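Student: I have a structure to look through. Can we take it piece by piece?

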Amino acid sequence: MEKSVCVRLRDTGQTFPYYPGELAVKDGDYVIVEHDRGHDYGQVVSLKQIPPPCEKQPIKKILRLAKQEDLKQIEENRAKSKEAFNTCSKKITEHKLEMKLVQAEYSFDRSKIVFYFTSNGRVDFRELVKDLAKIFKARIELRQIGVRDETRFFGGFGPCGRELCCATFLRDFEPVTIKMAKEEGLPLNTPKISGICGRLMCCLNYEYDTYKVLAKGLPREGERIAVGNVKGKVLSVNVFKRSVMVEQEDGTLQEVKYK
């Protein structure tokens with residue numbers, strides 16, 4: 001089975017699997033790919049194989065590593081995107097639409113422009129699309145996003161000191177619940193377990209399965225246990241060491257390890 005790699009489209013687009021074929025691609029390489037009825041550019045963000053976004057949607061190929069002239073066009077597209085952003089912002093004001101424009105991106109061949117925006121509700125932007133299509137003579141796509149997507153666009157660093165997961169390798173935003181933080185033994189203090197977007201940190205989700213595996217068979221804090229000659233109350237649980245600290249009936253502390 002041919003292996004795929006993870007490519008983030010354009011600078012802030014979605015992440016998809018692509019077949020590199022015989023190309024020797026590396027993390028961080030810019031590549032030209034087949035996408036959405038045309039050619040587009042992207043950056044390799046992971047060499048790990050990921051499943052396609054839809055079983056019926058075939059995985060497309062990386063056409064080539066970006067050449068010098070390709071990189072030049074990408075830079076030109078970024079400059080044009082800023083102009084498109086300013087134009088769209090003015091048109092939003094003219095149409096008196098309740099929406100905040102976040103980002104604009106040209107496809108590699110400039111056949112399409114994607115405008116990303118946030119809004120508190122639904123927005124009827126049909127007339128806006130017509131105006132933009134007349135101005136730019138290209139396909140126009142307006143895509144409403146959430147606060148996590150907005151944070152991914154601008155990037156930054158998390159409390160762990162690493163670059164934000166959403167700005168690097170995360171493909172989709174899965175639901176994150178307070179239960180996950182509780183199961184991982186984290187303080188249930190929302191500011192301490194939230195990312196810079198203000199939502200619960202994404203890492204709670206993809207770490208959760210590992211915690212569940214490591215915690216299997218371990219008692220919970222506060223539970224009374226009897227293991228061999230040790231009887232008492234569980235004061236703390238270390239899932240990574242698979243051990244618990246027990247306060248025995250005489251007040252002494254003892255660490256109990258589990259296989």
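**Contacts and folds**

Tutor: Start with Q248, in a model that is predicted. Leaving out residues up to four places away in sequence, Q248 touches N229, V230, K231, G232 and Q254.

Student: In which strand is the place of Q248?
Tutor: Look for the strand that covers residues 243–248. Q248 has its place there, in strand β11.

Student: Is Q248 buried or exposed?
Tutor: Its relative accessible area is 18%. Buried means under 20%. Therefore Q248, at 18%, counts as buried.

Student: Which side chain joins that of Q248 in a polar contact?
Tutor: The cut-off for such a contact is 3.5 Å between N or O atoms. Here the distance is 3.1 Å. The partner of Q248 is Q254.

Student: Now the sheet. What is the order of the strands in the open sheet?
Tutor: The sheet has 3 strands, and their pairing is mixed. The edge strands, β6 (100–106) and β8 (139–144), each pair on one side only. The order is β6-β7-β8.

Student: How many bridges join β7 to β8?
Tutor: Strand β7 covers residues 112–118 and runs parallel to β8. In this pair, F115 stands opposite L142 in β8. The number of bridges joining β7 to β8 is 6.

Student: Which strands of the sheet does helix α2 touch?
Tutor: Helix α2 (residues 126–136) packs on the sheet. Its direction makes about 140 degrees with that of β8. The strands it touches are β6, β7 and β8.

Student: Across which strands does helix α1 lie?
Tutor: Helix α1 spans residues 68–94. It runs at about 145 degrees to β6. It lies across β6 and β7.

Student: How many residues of helix α3 are buried?
Tutor: Helix α3 (residues 147–154) is mostly covered. Its cover includes β6, β7 and α4 (165–168). Among the buried residues are R148 and F153. Of its 8 residues, the number buried is 6.

Student: Which residue follows α3?
Tutor: Check the backbone angle there. Its phi is positive, near 70 degrees. The residue is G155.

Student: How many disulfides are in the whole structure?
Tutor: A pair of cysteine sulfurs must lie within 2.5 Å to count. For C160, the nearest cysteine sulfur is that of C165, 6.3 Å away. For C165, the nearest is that of C203, 5.9 Å away. The search of the whole structure finds 0.

Student: Is C160 buried or exposed?
Tutor: Exposed means over 50%. The relative accessibility of C160 is 62%. So C160 counts as exposed.

Terms used. Residues numbered from 1 in each chain as written. Predicted model: local features only at pLDDT ≥ 70, side-chain atom pairs only at ≥ 80, totals over all residues. Heavy atoms only, no water. Pairing = 2+ DSSP bridges. Helix = DSSP H or I, 4+ residues; strand = E, 2+ residues; numbered from the N terminus. Contact = heavy atoms within 4.5 Å. Axes fitted to C-alpha atoms, helices over the stretch in contact; angles between N-to-C directions. Buried < 20%, exposed > 50% of the residue type's maximum accessible area, 1.4 Å probe, protein only. Polar contact = N/O pair within 3.5 Å; in protein donor to acceptor, adjacent residues only side chain to side chain.
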